Amino acid sequence: MGSCACVDEWDDFKPGSLTMPALTQCWYTRTHVPAGRRHKEADGSYSGECRYCHKPITSWGKDGGWYLADGFNVSKLRDSTGGRYLYLLDVSDDIIVARYPIDHLDTPSKLRAYRDELRVAHGLDQPGSTLELRDSNQGAKLH
Ligand SMILES: [Zn+2]
């Protein structure tokens, strides 16, 4: 029995919990936090499980963030210096569903044809699709 009823009321108030029960904290913040245990992998990375969404997550280096282990994180892509790829993203989840090397497509028209092929194959133009194709070189080319 607290002396102030307002405080009790406030404690029971959980914003969003009624309308969107499935969304975890990391859905909003894009920041995953490892639960207690984490394993050091042979390649120097760490793996663990997110305490909020309970998905497997992985991290590189001491100051690196934690990323979903079942996809490449979008912000990680900007650091990658490898070949050129088309990435198939699920924008609702920031997960890379697939990665297609396009280094062998040496003309813009071949690239366009390949993009169209992938768009159709994955139903990107279907209503409600959360998938998106991104070119790993796009940022550098457009800006
Ligand atoms: Zn999480």
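Here is a short back-and-forth on the strands and one helix of this predicted model.

Me: What makes E5 and E7 a pair?
Reply: The cut-off is at least two bridges between two strands. Strand E5 (residues 85-90) and E7 have five bridges, in the antiparallel sense, so they count as paired. One spot to look at is Asp90, which stands opposite Leu131 in E7.

Me: And how do you know that E5 and E6 pair?
Reply: Run the same check: at least two bridges are needed, and E5 and E6 have six, again antiparallel. So that is a pair by the rule. For a place to click, try Tyr85, whose bridge partner in E6 is Pro101.

Me: What order do the strands of that open sheet take?
Reply: E6-E5-E7, three strands with antiparallel pairing. From one strand to the next, the twist averages 20 degrees.

Me: Why are E6 and E7 called edge strands?
Reply: Strand E6 (95-101) and strand E7 (131-135) each pair on one side only. In the order E6-E5-E7, E5 sits between them.

Me: What is there to see in the hairpin of E5 and E6?
Reply: Four residues lie between the strands, and Asp94 takes a positive phi near 60 degrees.

Me: How do you know that the span of H4 agrees with its number of residues?
Reply: Helix H4 covers residues 108-121, which is 14 residues, and at 1.5 Å a residue it should span 20 Å. Its end C-alpha atoms are 20 Å apart, so the two values agree.

Me: Why say that H4 lies largely in the open?
Reply: To be buried, a residue needs 20 or more other C-beta atoms within 10 Å of its own. Of the 14 residues of H4, the number buried is zero, so the helix lies largely in the open. Just after H4, have a look at Gly123, with its positive phi of about 65 degrees.

Me: Which strands make up the open sheet of four, and in what order?
Reply: The order is E1-E2-E3-E4, with antiparallel pairing. Strand E1 (34-40) and strand E4 (66-68) are the edge strands, each pairing on one side only. Neighbouring strands here are turned by 35 degrees against each other on average, direction ignored.

Me: What makes E2 and E3 a pair?
Reply: Strand E2 (residues 46-50) and strand E3 (residues 56-59) have four bridges in the antiparallel sense. The rule asks for at least two, so they pair. Tyr46 is a handy marker: its bridge partner in E3 is Ser59.

Conventions
Residues are numbered from 1 along each chain as its sequence is written. This is a predicted model: local features need pLDDT of at least 70, side-chain atom pairs count only at pLDDT 80 or more; totals for chains, interfaces and linings use all residues. Helices (H or I, at least four residues) and strands (E, at least two) are DSSP runs, numbered from the N terminus. Axes are lines fitted to C-alpha atoms, for helices over the stretch in contact, and angles run from 0 to 180 degrees between N-to-C directions. The expected span of a helix is 1.5 Å times one less than its number of residues. A residue is buried if 20 or more other C-beta atoms lie within 10 Å of its own, exposed if 12 or fewer, and partly exposed in between; C-beta atoms are placed from the backbone.
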